Structures are given as structure tokens and as C-alpha cells.
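This briefing is meant to be read beside the sequence and the coordinates, and it moves from the whole chain to pockets, then to one helix and two single residues.

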Amino acid sequence: PTAGCARSWTSWASSTPKTGKLGIDKALEKLYNRPCMCQDICKVYFLDTKRKGEPMERFRAFLRRKNIVFSAKRYGVDALGAMAQGLFCTLLVGTILDTLGTQFHVGFLSATVVTVGSGEAAVGYTIGGLASLMVGPAMAVAIGSALQAPPLVLFSLVPVGYATNVLGGAGGPLAVLVIAIIAAECGKLVSKETKVDILVTPIVTVLVGIGAAYLIAPPIGAAASAVGNVIMWATELQPFFMGILVSVIVGVALTLPISSAAICAALGLTGLAGGAAVAGCCAQMVGFAILSFRENRWGGLVSQGLGTSMLQMGNIVRNPRIWIPPTVASAITGPIATCLFQLQMNGTAVSSGMGTCGLVGQIGVYTGWIEAGKAVTAFDWVGLVLICFVLPAVLSVVFCEVLRKWGWIKDGDMKLD
């Protein structure tokens, strides 16, 4: 017997005529009683088929067939990470394009390409503005893709995402995350279950999604916005302690297999709290990039410093102590950013959780300066460079060398495959 015998016997049984009393179940039972069966596999399969009359077993089998998996990884890691990518490709890219067009006087980037409405209600959009406008649909489609939604479900999430983001207000990203998951899973339930699937699946997905958005998107958005406001208020009130807390938490979230950018976007984390978040993310990315240079050389420097420190998660699991230097560095740079340099993220909230990834965090800070009409001084530039690059590198190396002398970190602990 081989590991695939259950599949081949099932195929044989499926081809058996279903006349008389034999049928599928009898054929499988007859096969099961043969002395040459593979008990480890066929017994499990046989018992599952015998329990197929039980409602819960039928329901679980239906969910498996529809690829619906209720797990923290699928919703909290896969969907959240995909949502951040949708944010990046629309809102963040749109903001960058608008900034480039305005600051460098690039004609085709600063020109209005589409006007929606007429008269006093007319609204003009640049290329960047159009990209930013599509943030809701992009997030919803990205989430549906992470949930492995069929094409009709995936495409139907476009209006769901747009409606949810509008109804969710400042907390739109979190509302899109919740409602896109609901709509996608409901759409998957009915997908390919009828002969008119091309009508049923989109209708169910759109009705469930927009209906749920109408009912729960405003309170979800309000709750997320309220939490973000409390964090920003607390950071203004206690910049030292909250600078440490926000910097460490968001920085750790960036290295973990979850999305710090999506968290910041969902909470609308800007202002001083956003500046602390930038400091924490930079400490992790630049810290690991410099610390692992002896093992990973220039490729590791670029992939972690301009990419993501998440690449070190496998090494962190093997030796969690390598996480200490950049995390302690973030606890120092956070309050320096909030108390000394008054570093604020007044650009898009998603930039707060990006760190040095593509220099998005720094571009976001600069964009915020411009949009706020701030007179940028040399002190501001020095603060940005120190917080984002110099201090994370120096502090991480100092703490790492101490841990190397203690024997907590050894050569090769941060080697990337």
C-alpha cells in the first residue's frame, strides 16, 4: 500500500456502478475489509465516510471543500498583510506621486487628469489622487486574494471595499479588513453551487458586503479612530513613556509576521505617536541590517534595511536574544523622537508603520512637513537622519557587542538563507 491508496481506492469506488445495494459506501467497506488495506489512511477515510450523515461532519466537509479556514494566521497574518499591500499600492503610492509632482514640478504628475462631478461639486484628481481614491477596493481585493477567493468573489469585492472605506471614515482600513473577510467568505460559500453562478456569487458577495458595511462599518471605523486618538493624545500628554511604548510595540509588530503598516493605518496613527512608530520600525530594520552585515554582507543590508526585518524571524525563533539589541534601541530612539526632535508623522498613517522600507517612512514625514506648511530647518533634517539611520545602527551595534561578550549572540545567528 502507498500513501495515495485512499485516493486511488476512492476513484475506483466512484467508478463502481451504484445499482443494487453495493454503491459507494458498500464498495469502500468491502475494500476496507481486505487484508492489504493501508489502515492508517483508509481507516480515517472510512470513518469519515461513515460519519457523513452527522450534520457537523457534513458542515466541516463543506467548509474544507470551500477552502474556508477559521484561523488567526489566515485572518490576522495573511489577510492583514495583504491589506497593507493594497494600502501601499494605492494610498501610499498616490501620496508619493503627488509629493513628487508638487515638489519637483513634474507636469504630468501635478496636472488634473480626471474631473468628477460638475459645477461647484466638481472634484479634480491627479494621477496620485486617483491612486489614493482606490484604496478601499485595493484593500478588499488584496484581502480576498489572501483568502484565496474565486475570481467572481474577488472582483465583487471592489464595490464592497469602496463602500466600506467610505462608510468607515478615518477607521476605514480596519472596517475594510473585517467586512472584506465576511463578504469573501460568504461569497465562497455560494460559489459554483448553482447553474447561474455568474449571477448568484457576485450578488451575494456585494449584498452581504455592502449590507454589513452599512450596519457595522461606521461603528468599527469610529472605534478604531477613537483608539488611535487616545494613543495620540496619550503621546502628546506623556511623550517620554508613550514614545517608548509606541516605538517598541510598532517596531516589534514590523518584525513579526503581521503588518505594522496596516495596524498604523487602521488606528490612524499620526502626529507624535506616528513619529514614535517610525522610530521603532527604523530601529528594527536598520538595526538588523547592520548587525547581520558580517553574515549577510550587502545583500542582507539592502534586503533588511530597505525591505523588511521580518526576514530575521526564523533566526529569532532559533535564538530570541538577537531581538534584544534593535528592540532596546527602539526604546531609546522613540522618546528621543518625541521629546527632543518632536518628530511627527503628518503624512498618511500607513507610512508610520513602514520604517525605512523603500524610505516610505521618511518620505511620509517629509510629505507631512510640506502639507502642514512647516518651515523645515536643519534641526529637523538632523533629527530625521539620527532617528531613522544613525542611532538605530550605533545603539544596536553597542548592545549586540555586549551580548556577544556574554555569549548570548554568536556568529551565524543572524545568517539569512
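The points below are grouped by topic and describe a predicted model.

In this model the protein chain holds 19 helices and 2 strands, and 46% of its 417 residues count as buried. Two pockets, one helix and two buried residues are then taken in turn.

**The chain as a whole**

- Among the contacts in the protein chain with a separation of 6 or more, 72% are accounted for by residues that stand 24 or more positions apart.
- The accessible surface of the protein chain comes to about 20,100 Å², and carbon and sulfur atoms hold 69% of that surface.

**The largest pocket**

- The space in the largest pocket amounts to about 370 Å³, and of the 20 residues that line this pocket, Ala84, Ile258, Ser259, Met310 and Met354 are the closest to its centre.
- Two elements, helix H5 (72–103) and H13, give two or more residues to the lining of the largest pocket, and the largest share, 7 residues, comes from H5.
- Sorted by class, the lining of the largest pocket consists of 12 nonpolar, 7 polar and 1 charged residues.

**The second largest pocket**

- The second largest pocket has a volume of about 250 Å³, and 14 residues line it, with Leu91, Gly169, Ala170, Pro173 and Ala265 lying nearest its centre.
- At least two residues of the lining of the second largest pocket are supplied by H5, and at least two by helix H8 (135–146).
- By class, 9 nonpolar and 5 polar residues make up the lining of the second largest pocket, with no charged residues.

**Helix H12 and what covers it**

- Helix H12 (residues 239–255) has 17 residues, and at 1.5 Å a residue it should span 24 Å; because its end C-alpha atoms are in fact 24 Å apart, the expected span and the modelled one agree.
- The buried residues of H12 are Met242, Gly243, Val246, Ser247, Val250, Gly251, Ala253, Leu254 and Thr255.
- An α-helix has 3.6 residues a turn, so residues three or four places apart point the same way.
- The cover over the buried residues of H12 includes H11, helix H13 (260–267), helix H14 (271–291), helix H16 (313–318) and helix H17 (324–340).

**Thr201 in helix H11**

- Thr201 lies in helix H11 (residues 197–237), and it counts as buried because its relative accessibility is 0%, where the cut-off for buried is under 20%.
- Once its neighbours within four places in sequence are left aside, Thr201 is in contact with Leu152, Val153, Gly187, Val190, Ser191 and Lys192.
- One of these contacts, Val153, is 48 residues from Thr201 in sequence, while the C-alpha to C-alpha distance between the two is 6.5 Å.

**Gly136 in helix H8**

- Gly136 is found in helix H8, an element that also supplies at least two residues of the lining of the second largest pocket.
- With a relative accessible area of 0%, Gly136 is buried.
- Leaving aside neighbours within four places in sequence, Gly136 is in contact with Gly161, Tyr162, Asn165 and Val176.
- The C-alpha atoms of Gly136 and Val160 are separated by 8.2 Å, although the two residues are 24 residues apart along the chain.

Conventions. Residues are numbered from 1 along each chain as its sequence is written. This is a predicted model: local features need pLDDT of at least 70, side-chain atom pairs count only at pLDDT 80 or more; totals for chains, interfaces and linings use all residues. Side-chain values use heavy atoms; hydrogens and water are left out. Helices (H or I, at least four residues) and strands (E, at least two) are DSSP runs, numbered from the N terminus. Buried means under 20% relative accessible area, exposed over 50%, partly exposed in between (1.4 Å probe, protein chains only). Contact means heavy atoms within 4.5 Å. The expected span of a helix is 1.5 Å times one less than its number of residues. On a 1 Å grid over the protein atoms alone, a cavity is a set of points where a 1.4 Å probe fits but cannot get out, and a pocket is an open set with protein on both sides within 12 Å along at least five of seven lines; lining residues have an atom within 4 Å of a point. Grid points are joined across faces, edges and corners, and a volume is the space filled by probe spheres set on the points. Ala, Val, Leu, Ile, Met, Phe, Trp, Tyr, Cys and Pro count as nonpolar, Asp, Glu, Lys and Arg as charged, and the others, Gly among them, as polar. Accessible areas come from the Shrake-Rupley method with a 1.4 Å probe; for residues, only the protein chains shown count as cover.
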